Amino acid sequence: MNKKGHVLNAVLLGIGLGYLLEPTGDLTTFRTIVEIGVPVTLGAMVPDIDTAFGKHRKTLHNLPLLAGFVAFPYFFGNLEYVWIGILTHYVLDVAGSKRGIALFYPVWKKEFGLPIGVAVSSKRADLMMVAVTVGELLIAAAIVYQLPPLLDAGRQAFGL
C-alpha cells in the first residue's frame, strides 16, 4: 500500500471508530474522532519511517515494534491509540499489497502477505484500501458491540 492509502485508511478509521464509540453525532462524537483519529493517523505513518533507513517493510514493519507501541501507554500514560495506526498499516500491507511484510524481523526475514493484494502502483490500490478499511471497521464494530456482552456472560458463567 502507498503512503496516501495508509493516511486515508487511518483518517477513515478515526472517523469510523469515533462514531462507533460515540454514535450521537454531536460535538462529543467530533471530539472522539479527533482524540482517536490524530494518533491513529500518526501511527499509520510510523512504519514507513524505515524508508529513510534500514530495509523497508522489514525494519519497522514487525511485531516487536507493534508490541512496543501497545505497551507504551501502560508505562508512560500517553500514545494510547498510536498502536491502532501501526496495526492497520500492517493489515493494509499484508492484505492490500502483493509483497507483504516481515512480521518477525529481525529474527525471521520471510515476508507474509495474502494472495488478494495488489501492486502499490495498481489502479485498484485505492479500492483495495477501502475494502480493507471496511473490513477493519466491521471487526471494530464487532469488538465494540459484541465483545462486552460475551465477556459479561463469561464472567457470569464462572461466577465472577
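**Group meeting: a walk through a five-helix model**

Let's start with overall size: a compact globule of 160 residues would have a radius of gyration near 15 Å, and this protein comes out at 17 Å, which agrees. Please keep in mind that what you see is a predicted model. Along its principal axes, the C-alpha trace spans about 45 × 35 × 30 Å.

So what is the chain built from? There are five helices and zero strands, and reading from the N terminus the order is α-α-α-α-α. Contacts across the sequence matter for the picture too: taking contacts with a separation of 6 or more, 56% are between residues 24 or more positions apart.

Now the surface and the inside. The protein exposes about 9,300 Å², with carbon and sulfur atoms supplying 71% of that. Of the 160 residues, 39% count as buried.

Where do the buried nonpolar residues gather? The largest nonpolar core has 11 residues, among them Val-46, Leu-60, Leu-65, Phe-69, Val-82, Ile-86 and Tyr-90. Helix H3, residues 63–76, and helix H4, residues 82–96, each supply at least two residues of this core. The largest share comes from H4, with four residues. There is also a second, separate core of nine residues, which includes Leu-17, Leu-20, Ala-44 and Ala-140.

If you'd like one residue to click on, try Phe-69, a member of the largest core. Setting aside residues up to four places away in sequence, Phe-69 touches Val-46, Leu-79, Val-82, Trp-83 and Ile-86.

My other pick is Thr-41, which sits in helix H2, residues 27–45. Is Thr-41 buried or exposed? Thr-41 has 15% relative accessibility, and the cut-off for buried is under 20%, so Thr-41 counts as buried. And what is Thr-41 in contact with, beyond its neighbours within four places in sequence? The partners are Val-7, Ala-10 and Val-11.

Last stop, the database record. In an unreviewed entry, UniProt lists residues 63–84 and 127–147 under "transmembrane region". How do those two spans look in the model? Residues 127–147 are 100% helix and 0% strand, with end C-alpha atoms 29 Å apart. Residues 63–84 are 77% helix and 0% strand, and there the end C-alpha atoms are 13 Å apart. When you look at that span, remember that H3 covers 63–76 and H4 begins at 82.

That's my tour, thanks for listening!

Conventions. Residues numbered from 1 in each chain as written. Predicted model: local features only at pLDDT ≥ 70, side-chain atom pairs only at ≥ 80, totals over all residues. Heavy atoms only, no water. UniProt positions renumbered as here; feature names shortened; annotations may be inferred. Buried < 20%, exposed > 50% of the residue type's maximum accessible area, 1.4 Å probe, protein only. Contact = heavy atoms within 4.5 Å. Core = buried A, V, L, I, M, F, W, Y, C linked by side-chain atoms within 4.5 Å. Rg over C-alpha atoms; globule rule 2.2 N^0.38 Å. Areas by Shrake-Rupley, 256 points an atom, 1.4 Å probe, with all protein chains shown as cover.
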